[in-house]
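Work through these exercises with the sequence and the 3D view side by side. Try each task before reading its solution.

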Amino acid sequence: MKSFRDVTLQERTDDKLAYLASRVAVGDAEGLFIEAGELEQAVVDALSPACDDHGPTERALRGLSRAAAATYLATRQGQHGEDGFKAAGDALDQVARLDLPRELAVRAPEGYIHYALDPFGYALAARHYARDVGARRAKHAVVLGIRSIGTGISALVSTALGANSGFTLRPRGEPGSRAIRVTDTLLQALLTRLRDGGDVLIVDEGPGATGETFLCVAAWLRRLGVDSARIVLFPSSLHPPGLATEQVREFFERSRHYPAPDETDRVARVCDRFALDEVEDLSAGRWRSVVSGAGNQPCVPRHERLKFRARGPGGQRYLVRFAGLGRAGAETGLRATRLGSVGWGPE
């Protein structure tokens, strides 16, 4: 059985900045986007261990994440992105001049490592929302990203909408009693933005096993006087939280929500590139039907990596498996190559 854990990686800030600069130099828009979100998450968590703030450092980091998101969007839409990379490089230079912690605790974004979460789906969800409410109202939306993975994808949502208002939050406390704590500076900045009358978009992966994160932020907003009709959820799916309380289930059922749609052509594009056909989805336990004697083997379908079997031009079988996005995916691929080269794994 494969189980996942909350992974925190210790990184030197200078190394993180250097790697971001290398993504700009080589034109890696996806890596730039993912790494910028990780940097913002880690620095803000380090500077705000007890409550979230909205000072010059937080604003500069948000600017970098938005510039990276704009570059990622441009390249995903077939544009070259030279202007975006330049803007991201300028934003990175501004961040590098700040007084930052020497070391960072980076929370690895599970969605990019395990669950094949496609961040572009959030841009599509944002456009769906903008069509429903109109471009003018969409630009007045306040976008709240929930750290960790919500850091980057909230920058993507706000960029896709052309909305300038955005903050990140970290729910604090033990499961079952999480709370939002912010400084007066952030609170006043948020209340000022809310006076425009726009919606408040809560962006995160999930809803996860309990759905508690979305509920926690929404309850905090209601205590600030935000009408429930103005609160909009941007989750990765509408799967009901398996361990949610009745209160949470009712909250999700009555809330406005725009889930990120799955990118259905990713596997097809990969297989076309390698001239593979007869593609079979073996995810979610389906592998048991093609592996001899595995019909009764236990599995946890929601926790399996995406995997597909395909046939090559010569009739040979290939396994197409999600390895991860950004640096995590590159490292997984390198590790698999090395294991295969010494006979400890498939080629």
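## Exercise 1: the faces of a helix

On α4, E82, D83 and K86 are exposed, on the side away from its buried residues. Exposed means over 50% relative accessible area, buried under 20%, partly exposed in between (1.4 Å probe, protein chains only). The model is predicted: local features need pLDDT of at least 70, side-chain atom pairs count only at pLDDT 80 or more, and totals for chains, interfaces and linings use all residues. Numbering starts from 1 along each chain as its sequence is written, and side-chain values use heavy atoms, without hydrogens and water.

Task: find which residues of α4 are buried, and what covers them.

Solution.
1. Locate α4 at residues 82-96; this helix has 15 residues.
2. Mark the buried ones: G84, F85, A88, G89, A91, L92 and V95.
3. Look down the axis of α4. The buried residues fall within an arc of 165°, so they line one face of the helix. The arc is taken from the directions from the helix axis to the C-beta atoms.
4. Recall the helix rule: an α-helix has 3.6 residues a turn, so residues three or four places apart point the same way.
5. Find the cover. It includes α1 (13-26), α2 (29-47) and α3 (56-76).

## Exercise 2: a strand residue

Task: place T8 and find its contacts beyond four places in sequence.

Solution.
1. T8 lies in strand β1, residues 8-12.
2. T8 counts as partly exposed, because its relative accessibility is 39%.
3. Leaving aside neighbours within four places, T8 touches A105, V106 and R107. Contact means heavy atoms within 4.5 Å.
4. T8 and A105 are 97 residues apart in sequence, yet 6.0 Å apart in space, C-alpha to C-alpha.

How values were computed: Helices (H or I, at least four residues) and strands (E, at least two) are DSSP runs, numbered from the N terminus. The expected span of a helix is 1.5 Å times one less than its number of residues.
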